[in-house]
Amino acid sequence: MRKKVSELPAYQQALGLLVRREHSRRELKRKLAQRGKDAGEIDAALETLSRQDFQNDERFAQALARSRQSAGYGPIRIRAEMSQHALDGETVEQAISALACDWLDMAKDLIERRYLRKIQADPAQVRKAVDFLLRRGFDTRTAYAAARVADWADGAENLPEDP
């Protein structure tokens with residue numbers, strides 16, 4: 001007969017969580033505490049998992065950075081999200097620099113997919129496009145550079161017709 005999840009030791013519960021996806025040490029600690037495990041057992045389990053390299057904050061940071069980048073988020077938003085996981089600054093910077101991404105090109109692609117026709121039809125839409133990029137975590141300079149109307153004028157003749 002299978003044991004209930006709450007009856008399993010902290011180590012096995014944490015391992016079960018790590019099988020599904022990478023977790024930060026802080027995240028695992030919080031989840032195990034929510035499941036009623038005591039702090040000593042949690043710390044021992046996390047230390048064992050870390051020694052066995054099943055839990056690794058550097059690997060977690062890289063996976064999170066790749067995931068957020070592919071979802072269209074900028075470096076500011078990615079850094080902010082990583083700080084919520086109590087990752088040290090060096091780990092965060094290594095993960096972001098490992099992305100090898102041209103943030104301006106990424107921002108331009110996002111604008112092109114979402115706002116290109118609107119920007120060409122109404123230059124006032126540039127502000128909405130810039131706000132969108134700022135919410136996505138791009139810096140101000142990149143957001144304005146990506147949303148410049150002059151950059152989109154050349155591509156107007158290559159657009160497919162509206163249905």
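This is a short talk on the helices, two helix contacts and a few individual residues of one protein chain.

Okay, thanks everyone. Before anything else, keep in mind that we're looking at a predicted model. So, the overall picture. The protein chain has 10 helices and zero strands, and if you read along the sequence you just get α-α-α-α-α-α-α-α-α-α. There are 163 residues, and 36% of them count as buried. The accessible surface comes to about 10,000 Å², with 49% of that belonging to carbon and sulfur atoms. And if you take the contacts with a separation of 6 or more, 62% of them are between residues 24 or more positions apart.

Let's go to the helix pairs. Start with α1, residues 10-20, and α3, residues 39-51. Their axes come within 8 Å and cross at roughly 50°. That angle makes α1 oblique to α3, and the crossing is right-handed. Who's actually touching whom? On the α1 side you have Ala 10, Tyr 11, Ala 14, Leu 15 and Leu 18, and on the α3 side they meet Glu 41, Ile 42, Ala 45, Thr 48 and Leu 49. By type, the residues of that contact split into eight nonpolar, one polar and one charged.

Now the other pair, further along the chain: α7, which covers 103-121, and α9, which covers 140-147. Here the axes are 8 Å apart and the angle is about 45°, so α7 and α9 are oblique to each other. This crossing is right-handed. From α7 you get Trp 103, Leu 104, Ala 107, Lys 108, Ile 111 and Ile 119, and they meet Thr 142, Ala 145, Ala 146 and Ala 147 from α9. The breakdown for this contact is eight nonpolar, one polar and one charged.

While we're on α7, have a look at Met 106, which sits in that helix. Is Met 106 buried or exposed? Its relative accessible area is 12%, and the cut-off for buried is under 20%, so Met 106 is buried. What does Met 106 touch, once you leave aside neighbours within four places in sequence? The answer is Gln 69, Gly 72, Tyr 73, Cys 101 and Phe 138. There's also a C-alpha to C-alpha distance to note here: Met 106 and Ala 146 are 8.8 Å apart in space, with their positions 40 residues apart in sequence. Ala 146, remember, is one of the α9 residues in the α7 contact.

Next, a loop residue. His 85 is in the loop between α5, at 75-83, and α6, at 89-97. It's in a loop, but with 15% relative accessibility His 85 counts as buried. Not counting residues up to four places away in sequence, His 85 touches Ser 24, Arg 26, Glu 27, Phe 60 and Leu 64.

Last bit, for those of you who like backbone torsions. Which residues have a positive phi without being glycine? I've got two to show you. One is Asp 53, with phi near 65°. You'll find Asp 53 in the loop between α3 and α4, the latter being 57-70, and at 40% relative accessibility it counts as partly exposed. The other is Ala 100, with a phi of about 50°. Ala 100 is in the loop between α6 and α7, and at 73% relative accessibility it counts as exposed.

That's what I had. Over to you.

Technical notes
Residues are numbered from 1 along each chain as its sequence is written. This is a predicted model: local features need pLDDT of at least 70, side-chain atom pairs count only at pLDDT 80 or more; totals for chains, interfaces and linings use all residues. Side-chain values use heavy atoms; hydrogens and water are left out. Axes are lines fitted to C-alpha atoms, for helices over the stretch in contact, and angles run from 0 to 180 degrees between N-to-C directions. Helices (H or I, at least four residues) and strands (E, at least two) are DSSP runs, numbered from the N terminus. Angles under 35 degrees count as roughly parallel, over 145 as roughly antiparallel, 65 to 115 as roughly perpendicular and the rest as oblique. A crossing is left-handed if the near helix is turned anticlockwise from the far one by less than a right angle, and right-handed if clockwise. Contact means heavy atoms within 4.5 Å. Ala, Val, Leu, Ile, Met, Phe, Trp, Tyr, Cys and Pro count as nonpolar, Asp, Glu, Lys and Arg as charged, and the others, Gly among them, as polar. Buried means under 20% relative accessible area, exposed over 50%, partly exposed in between (1.4 Å probe, protein chains only). Accessible areas come from the Shrake-Rupley method with a 1.4 Å probe; for residues, only the protein chains shown count as cover.
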